[in-house]
Amino acid sequence: MAKRIDEEQVRKVAKLGRLELSDAEVEEFAGQLSAILEYVEKMNELDTDGVEPLAHCLAVSNVFRDDVVAESLGTEKTLANAPERDGEFFKVPKILDEGGGA
């Protein structure tokens, strides 16, 4: 039987993730996480002898091409449709305030 996730464990993980959860959310998540573990435990009952591990359920292959050096667009073509520009640069709106701690 899968180990039950208790509310204390949910609170610990929430604290590590810096999440504020109400008591109702903690109770709900404890039940949901326990149900997930029970489902995974059911999968352990399957006979997987002789089944090769897969990274993907479909046959997937990457398509590679040679890197080819080509001419760049140049400054004028690159900035031709820019809403605003400052000389040779794109001009974009400021997104951080002066006191921003980013």
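Biologist: Happy to look at this together! Before we count anything, what does buried mean here?

Modeller: Glad to start there. This is a predicted model, and the word rests on relative accessible area, worked out with a 1.4 Å probe on protein chains only. Exposed is over 50% and partly exposed lies in between, while buried means under 20%.

Biologist: Thanks! With that cut-off, what share of the 102 residues of the chain counts as buried?

Modeller: A residue has to fall under 20% relative accessible area to qualify. Of the chain's 102 residues, the share that does so is 9%.

Biologist: Which order do the elements of the chain follow from the N terminus on?

Modeller: The chain has 3 helices and 2 strands. Read from the N terminus, their order is α-α-α-β-β.

Biologist: Is the chain compact or spread out?

Modeller: Along its principal axes, the C-alpha trace spans about 65 × 50 × 20 Å. For 102 residues the globule rule gives 13 Å, and the radius of gyration, 27 Å, is well over that. The chain is therefore, set against a compact globule, more spread out.

Biologist: Let's turn to the helix pair. How are the axes of helix 1 and helix 2 oriented, roughly parallel or roughly perpendicular?

Modeller: Helix 1 covers residues 7-16 and helix 2 residues 23-43; their axes come within 9 Å and cross at roughly 105 degrees. Angles of 65 to 115 degrees fall in one class, so helix 1 is, relative to helix 2, roughly perpendicular.

Biologist: And how many residues of that contact are charged?

Modeller: Helix 1 contributes Glu7, Val10 and Arg11, and helix 2 contributes Asp23, Val26, Glu27, Phe29, Ala30 and Leu33. Sorted by type, 5 are nonpolar, none is polar, and the number charged is 4.

Biologist: Which side chain makes a polar contact with serine 34?

Modeller: Serine 34 sits in helix 2, and its relative accessible area of 1% makes it buried. Leaving aside residues up to four places away in sequence, it touches Arg4 and Ile5. The polar contact, at 3.0 Å, is with the side chain of arginine 4.

Biologist: What is unusual about the phi of arginine 18, and is that residue buried or exposed?

Modeller: Arginine 18 is in the loop between helix 1 and helix 2. Most residues other than glycine have a negative phi. Phi of arginine 18, by contrast, is positive, near 55 degrees. With a relative accessible area of 78%, arginine 18 is exposed.

Biologist: One last stop: what separation is there between the C-alpha atoms of glutamate 52 and glycine 74?

Modeller: Glutamate 52 belongs to the loop between helix 2 and helix 3 (75-79), and its 66% relative accessibility counts as exposed. Glycine 74 is 22 residues from glutamate 52 along the chain, and their C-alpha atoms are separated by 51 Å.

Methods. Residues numbered from 1 in each chain as written. Predicted model: local features only at pLDDT ≥ 70, side-chain atom pairs only at ≥ 80, totals over all residues. Heavy atoms only, no water. Axes fitted to C-alpha atoms, helices over the stretch in contact; angles between N-to-C directions. Helix = DSSP H or I, 4+ residues; strand = E, 2+ residues; numbered from the N terminus. Parallel < 35°, antiparallel > 145°, perpendicular 65-115°, else oblique. Contact = heavy atoms within 4.5 Å. Nonpolar A, V, L, I, M, F, W, Y, C, P; charged D, E, K, R; others polar. Polar contact = N/O pair within 3.5 Å; in protein donor to acceptor, adjacent residues only side chain to side chain. Rg over C-alpha atoms; globule rule 2.2 N^0.38 Å.
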